[in-house]
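User: I work mostly at the bench and would like to learn how to read a model such as this one. Could you take me through it feature by feature, giving the general idea before the case?

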Amino acid sequence: LHSFTGGVQDGLPFRSVIEVSYSGSRSRNVPTSKNVNSITAEQYLANGTNLTGTTVANPYAGLLPGSSLNGATMTLQQSLLPYPQFTGVTETGRSIGKARYDALLIRLEKRLSAGLTVLFTGTLSDSTTFTAYQNSGFDQLGQFIIRDGGTPPRQFNLSSTYNLPF
C-alpha cells in the first residue's frame, strides 16, 4: 500500500483560512478469486439455450452419492465444464488485483465576531477496485471490471462553533 498527501494553506482577508489538499493511495497485490469451472465464451455462443435445456448421459451416475450430480443425466453445460464432477471450483488468493483512491479536500474557515466560527469542508473523491470479473469463466485472468470502491464521490459539510463568553 502506497499512500501520499500534499496540500497548501493560505490566510485570506476577513479572518478566513483556505486549505486545499490531495490525498491518494495505491494498493497492489490485492487477493482475487475466479471461477475456473465454467464454459468458455465459444461454447456459450455455439450452444446458447441448449446448455441448460438439453440433458446428456452422466458419466458420473452412481459415483457421486449425496450429490446433485449422481443422476443418470446432467445438463449439457455441466458436461462441458473442465471439472464436470463438481458444481463449482473457485481459485482464491491470487494476488493480482489492485485498488486506487484519489481525493481533493477543500477546507474554508471563517472566524466571525463574538467567538463564532463557520467551517466548510468538501471532499471530491474517486475510489476504484480492480478485483472482480464480470463473466468469471469467460474473462481472461486479470481482465477485471472497474468497481466503485463504495466511498461517496462528493461530501460537503458545513458546521459552526461558538465560544461562550464565560
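Analyst: Let us begin with burial, where a residue is called buried when its relative accessible area is under 20%, and exposed when that area is over 50%, with partly exposed in between. Please keep in mind throughout that this is a predicted model.

User: With those cut-offs, is K34 buried or exposed?

Analyst: K34 has a relative accessibility of 10%, and because this is under 20%, K34 counts as buried. K34 belongs to strand β2, which covers residues 16-35. Leaving aside neighbours within four places in sequence, K34 is in contact with V89, T90 and E91, and also with Y133, S136, G137, D139, Q140 and L141.

User: How do G6 and V8 read on that scale, and in which strand is V8 found?

Analyst: Strand β1, residues 2-12, holds G6, and V8 is found in β1 as well. G6 has a relative accessible area of 40%, so it falls between the two cut-offs and is partly exposed. V8, at 58%, is exposed, because that value is over 50%. Once neighbours within four places in sequence are set aside, G6 is in contact with V20, S21 and Y22.

User: Which residues make the nonpolar surface patch?

Analyst: A patch gathers nonpolar side chains that lie within 5 Å and whose residues have over 30% relative accessible area. Here V8, L12, V20, L104, L108, F120, L124, F156 and L158 make a nonpolar patch of about 770 Å². At least two of its residues come from each of β1, β5 (90-111), β6 (116-132) and β8 (154-162).

User: What is the order of elements along the whole chain, and how spread out is the chain?

Analyst: The protein chain has three helices and eight strands, and from the N terminus on they run β-β-α-α-β-β-α-β-β-β-β. Its radius of gyration is 28 Å, well over the 15 Å that the globule rule gives for 166 residues, so the chain is more spread out than a compact globule. Along the principal axes, the C-alpha trace spans about 85 × 30 × 25 Å. As for burial, 21% of the 166 residues count as buried.

User: What share of the contacts join residues at least 24 apart in sequence?

Analyst: Among contacts between residues at least 6 apart in sequence, 59% join residues at least 24 apart. For a single pair, G6 and L116 are 110 residues apart in sequence and 29 Å apart in space, taken from C-alpha to C-alpha.

Note on methods
Residues are numbered from 1 along each chain as its sequence is written. This is a predicted model: local features need pLDDT of at least 70, side-chain atom pairs count only at pLDDT 80 or more; totals for chains, interfaces and linings use all residues. Side-chain values use heavy atoms; hydrogens and water are left out. Helices (H or I, at least four residues) and strands (E, at least two) are DSSP runs, numbered from the N terminus. Buried means under 20% relative accessible area, exposed over 50%, partly exposed in between (1.4 Å probe, protein chains only). Contact means heavy atoms within 4.5 Å. Patches are made of residues with over 30% relative accessible area and no salt bridge: like charges are joined within 9 Å, nonpolar side chains (Val, Leu, Ile, Met, Phe, Trp, Tyr) within 5 Å. Accessible areas come from the Shrake-Rupley method with a 1.4 Å probe; for residues, only the protein chains shown count as cover. A salt bridge is a side-chain nitrogen of Lys or Arg within 4 Å of a carboxyl oxygen of Asp or Glu. The radius of gyration is taken over C-alpha atoms; the globule rule is 2.2 Å times the number of residues to the power 0.38.
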